[in-house]
Amino acid sequence: MKVLLIEDDPSIAGAIVDALEAVSWSVTPARSGHDGLELLARGGWDVVLLDLGLPDLDGTDVTRVARQTTNTPIIVISARGDEADRVLALELGADDYLVKPFGMRELLARIRAVHRRFSVAAEPSEESTLTVGQLQVDVRQRRAFLEGTELTLTPKEFDVLAYLAADPDTAHRRETILQDVWDMNWYGSTKTLDAHVASVRKKLGNPDWIQAVRGVGFRLHEPQ
Ligand code: CA
């Protein structure tokens, strides 16, 4: 496992480096947002651990910039535990959020879980393209096309769309979508899901693609 650690606090960074090296993972520390982004751009990382309170950039800005170019899983590690901070980080494309102080065993478990999900998503499969009318979702390449034109989706928007496209015309429960796309660790509000659905609808150019099913959740359906 190759981990990029973007954290300015030397004592926290030191403890994390020790814990990760103890299980023979490779960890590269960066002390600022800019250093972190530069290292991230070089590629080859399995997971990024990202502090929000950095000296130059806020971690949320690092996430936003990182998500323009990479799908590498990002776990936010922050003393900021407010729901608003968590929702913002996850909406910007972070994959998990761990509030300081946390135990190293929990950190290792979260890294493994995020990495496992990412690897499964990246695995080639025979049925890698889901087709719903004029919409095509290539799960292996993580690209979606509407009438042949590629949609520009954030990783989580893609996950939501792929989830719904895997079983179109079926009403999917909000809780189930949240659990599948954001993992069981995320007990946040469904506002995050609503925001992603709204954004995917906009990108699909017709709100009828994703229908809200009252009291249940959402259904993907080609508009007539
Ligand atoms: Ca900090």
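This report describes a predicted model of one protein chain with a calcium ion, moving from the overall fold to the ion site and then to selected residues.

## Overall fold

The chain is built from 8 helices and 12 strands. For its 224 residues, a compact globule would be expected to have a radius of gyration near 17 Å, and the value of 18 Å computed for the chain agrees with that expectation. Along the principal axes, the C-alpha atoms occupy a box of roughly 60 × 35 × 30 Å.

Buried residues account for 46% of the 224 residues in the chain. Among the contacts with a sequence separation of 6 or more, 56% are made between residues that lie 24 or more positions apart.

## Surface and charge

The exposed area of the chain comes to about 11,000 Å², and 49% of that area is supplied by carbon and sulfur atoms. The chain carries 25 positive and 35 negative charges, and the mean positions of these two sets are 2 Å apart.

## The calcium site

The calcium ion is coordinated by the OD atoms of Asp8 and Asp51 together with the O atom of Gly53, at distances of 2.2 to 2.4 Å. Read along the chain, these donors follow the spacing D-x42-D-x1-G.

Two of the coordinating residues can be described further by their accessibility. Asp51 has a relative accessible area of 5%, which is under the 20% limit, so Asp51 counts as buried. Gly53, in turn, has a relative accessible area of 38%, and because this value falls between the limits of 20% and 50%, Gly53 is classed as partly exposed.

## Backbone features in the loops

Most residues other than glycine have a negative phi, and most peptide bonds are trans. Against that background, a few positions deserve attention. Lys100 and Pro101 are joined by a cis peptide bond, with omega at about -5°. Pro101 belongs to the loop that runs between strand 5 (96-99) and helix 5 (104-122).

Arg142, although not a glycine, has a positive phi of about 55°, and this residue sits in the loop between strand 7 (135-138) and strand 8 (143-146). Glu147 is likewise a residue other than glycine with a positive phi, here near 50°, and its place is the loop between strand 8 and strand 9 (149-150). The relative accessibility of Glu147 is 59%, so this residue counts as exposed.

## Helices 3 and 4

Thr60 belongs to helix 3, which covers residues 59-66, and with 7% relative accessibility Thr60 counts as buried. When residues up to four places away in sequence are set aside, Thr60 touches Leu52, Leu88 and Leu92. Asp61 also lies in helix 3, but with a relative accessible area of 30% Asp61 is partly exposed. The C-alpha atom of Asp61 is separated by 9.2 Å from that of Ala89, a residue 28 positions apart from Asp61 along the chain.

Leu90 is placed in helix 4, spanning residues 83-91, and at 2% relative accessibility Leu90 counts as buried. Between Leu90 and Gly53 there are 16 Å in space, taken from C-alpha to C-alpha, and the two are 37 residues apart in sequence; Gly53 is also one of the residues that coordinate the calcium ion.

## Surroundings of Ala30

Ala30 is part of strand 2, which covers residues 26-30, and its relative accessible area of 3% makes Ala30 a buried residue. Leaving aside neighbours within four places in sequence, Ala30 is in contact with Leu5, Ile6 and Glu7, and also with Asp35, Gly36 and Leu39. By contrast with these contacts, the pair of Ala30 and Val114 is 21 Å apart in space, C-alpha to C-alpha, and 84 residues apart in sequence.

Methods
Residues numbered from 1 in each chain as written. Predicted model: local features only at pLDDT ≥ 70, side-chain atom pairs only at ≥ 80, totals over all residues. Heavy atoms only, no water. Donors = N, O, S within 2.8 Å, 3.2 Å for Na, K, Ca; no water. Buried < 20%, exposed > 50% of the residue type's maximum accessible area, 1.4 Å probe, protein only. Helix = DSSP H or I, 4+ residues; strand = E, 2+ residues; numbered from the N terminus. Rg over C-alpha atoms; globule rule 2.2 N^0.38 Å. Contact = heavy atoms within 4.5 Å. Areas by Shrake-Rupley, 256 points an atom, 1.4 Å probe, with all protein chains shown as cover. Lys, Arg positive; Asp, Glu negative; His and termini not counted. Charge placed at Lys NZ, Arg CZ, Asp CG, Glu CD.
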